[in-house]
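Colleague: I should like to go through this structure with you before returning to the bench. May I put some questions to you?

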Amino acid sequence: MRLLTIFIFISFVAIAQGEKAQTQERPGLFWYFSGLRPFKDIDRKKYDRVIVDLTYNDWIGENGPFQNHWNSIGVSASINKDIQLERTENLAFGIGLGYAYLNHRAPRVFYVTPFQSVQSIIPSASDSIISSYLTIHQFYIPIELRLRSKGWKHKKLIFGARIGIQPIMNISSYRTFEGQVEYSEIKLKEEYNWFYLSTYIRFGFRNWSIFGAFQPLSIFSNNQSMEIRPVQIGISLSLF
């Protein structure tokens, strides 16, 4: 009976260690998912294949930075292929497809001039403007250089670039008139650049990282428009 008790105890310890090892090897949601085919190398872990970013949106140029309201919140998500070199686990590359929504709640009111340029003014204290927004929708291809330490508690440093288009850009505002809140929106068409380029960096460990991005090109196409180069700061979560 004593031998049976010892055997059961050892079995439970082995199972617990096995479960812990599996969790350490592939942490996170869907980390075991390999698609239609099994893993070619079960010991070569793949990380950062689906990444979600929650960001505070601002810009550099006229009217900035850090003048936008705190609730200028945006989100982006990308699906990536983790390409590892066979001779090392510390260096990998990533490429995929992504979408970003940039929302800027600004202290200025944007407007389009008769010359198809975009300008802005700061409303006076007596103005009826409640809030003003600049929103951007982007579709992009992320290209990444990924550096990370070994082990399941790995640290990571990712340098990346996004190349894509921003087919939708709107300016809008809320104002009060005779006690009613009125909403107005202008869908920009020829006043901004469809093509965009963004550089970014991620630094963190395991599933989590700090995210920062910068667009070096001004978003408006007309030389008479105000210069705005978007900046995002936030956190990233790798689902698997």
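Modeller: One term is needed at the outset: rings of Phe, Tyr and Trp (its six-membered ring) pair if their centres lie within 6.5 Å, and planes under 30 degrees apart count as stacked, over 60 as edge-to-face and the rest as tilted. The model is predicted, so local features need pLDDT of at least 70 and side-chain atom pairs count only at pLDDT 80 or more, while totals for chains, interfaces and linings use all residues. Residues are numbered from 1 along each chain as its sequence is written, and side-chain values use heavy atoms, with hydrogens and water left out.

Colleague: How many aromatic pairs does a search of the whole structure find?

Modeller: One of the pairs is formed by W59 and F110, which meet edge-to-face, 6.0 Å centre to centre with 80 degrees between the planes. W59 lies in strand 1 (residues 50–61) and F110 in strand 4 (residues 109–112), 51 residues apart; strands (E, at least two residues) and helices (H or I, at least four) are DSSP runs, numbered from the N terminus. The search of the whole structure gives a total of six.

Colleague: Is W59 buried or exposed?

Modeller: The term buried means under 20% relative accessible area, exposed over 50%, and partly exposed in between (1.4 Å probe, protein chains only). Its partner F110 has a relative accessible area of 7% and is buried. W59 has 0% relative accessibility, so W59 counts as buried.

Colleague: Which strand holds F211, the ring that pairs with Y200?

Modeller: Y200 and F211 form a tilted pair, 5.8 Å centre to centre with 40 degrees between the planes. Because Y200 lies in strand 9, the pair ties together parts that are eleven residues apart in sequence. Y200 is buried at 5% relative accessible area, and F211 is buried at 2%. F211 belongs to strand 10.

Colleague: Which residue has its charged end over the ring of Y200?

Modeller: A charge sits over a ring if NZ of Lys or CZ of Arg is within 6 Å of the ring centre and within 35 degrees of the ring normal. Here the distance to the centre of the Y200 ring is 5.2 Å, and the residue is R162.

Colleague: How many salt bridges does the structure hold?

Modeller: Side chains of opposite charge can pair when their charged atoms come close. For a salt bridge, a side-chain nitrogen of Lys or Arg must lie within 4 Å of a carboxyl oxygen of Asp or Glu. A network of such bridges links D53, D82, E144, R146, R148, R162 and R202. The number of salt bridges in the structure is nine.

Colleague: How many residues apart are R146 and D82?

Modeller: The side chains of R146 and D82 meet in a salt bridge of 2.8 Å, N to O. This pair links distant parts of the chain, R146 being in strand 6 and D82 in strand 2 (residues 73–84). R146 counts as buried at 1% relative accessibility, and D82 counts as buried at 3%. Along the sequence, the separation is 64 residues.

Colleague: Which residue forms a salt bridge with E227?

Modeller: E227 is partly exposed, with a relative accessible area of 39%. Its partner in the bridge has the closest N and O atoms 3.0 Å apart, and is R229.

Colleague: Which elements give two or more residues to the largest nonpolar core?

Modeller: A nonpolar core is a set of buried Ala, Val, Leu, Ile, Met, Phe, Trp, Tyr and Cys residues joined through side-chain atoms within 4.5 Å. This one has 18 residues, among which F110, L134, M169, L188, I219, F220 and I228 touch the most other members. The elements are strand 3 (91–106), strand 6 (129–148) and strand 7 (155–177).

Colleague: Which residue of strand 5 stands opposite Y111?

Modeller: Two strands pair if DSSP finds at least two bridges between them, and strands 4 and 5 pair in the antiparallel sense over four bridges. Along strand 5 (residues 118–121), V118 and S120 point to one face and are buried, while Q119 and I121 point to the other and are not. The residue opposite Y111 is Q119.

Colleague: How many strands are there in the protein?

Modeller: Read along the sequence, the pattern is α-β-β-β-β-β-β-β-β-β-β-β. Buried residues make up 38% of the 240 residues. Besides one helix, the protein has strands numbering eleven.
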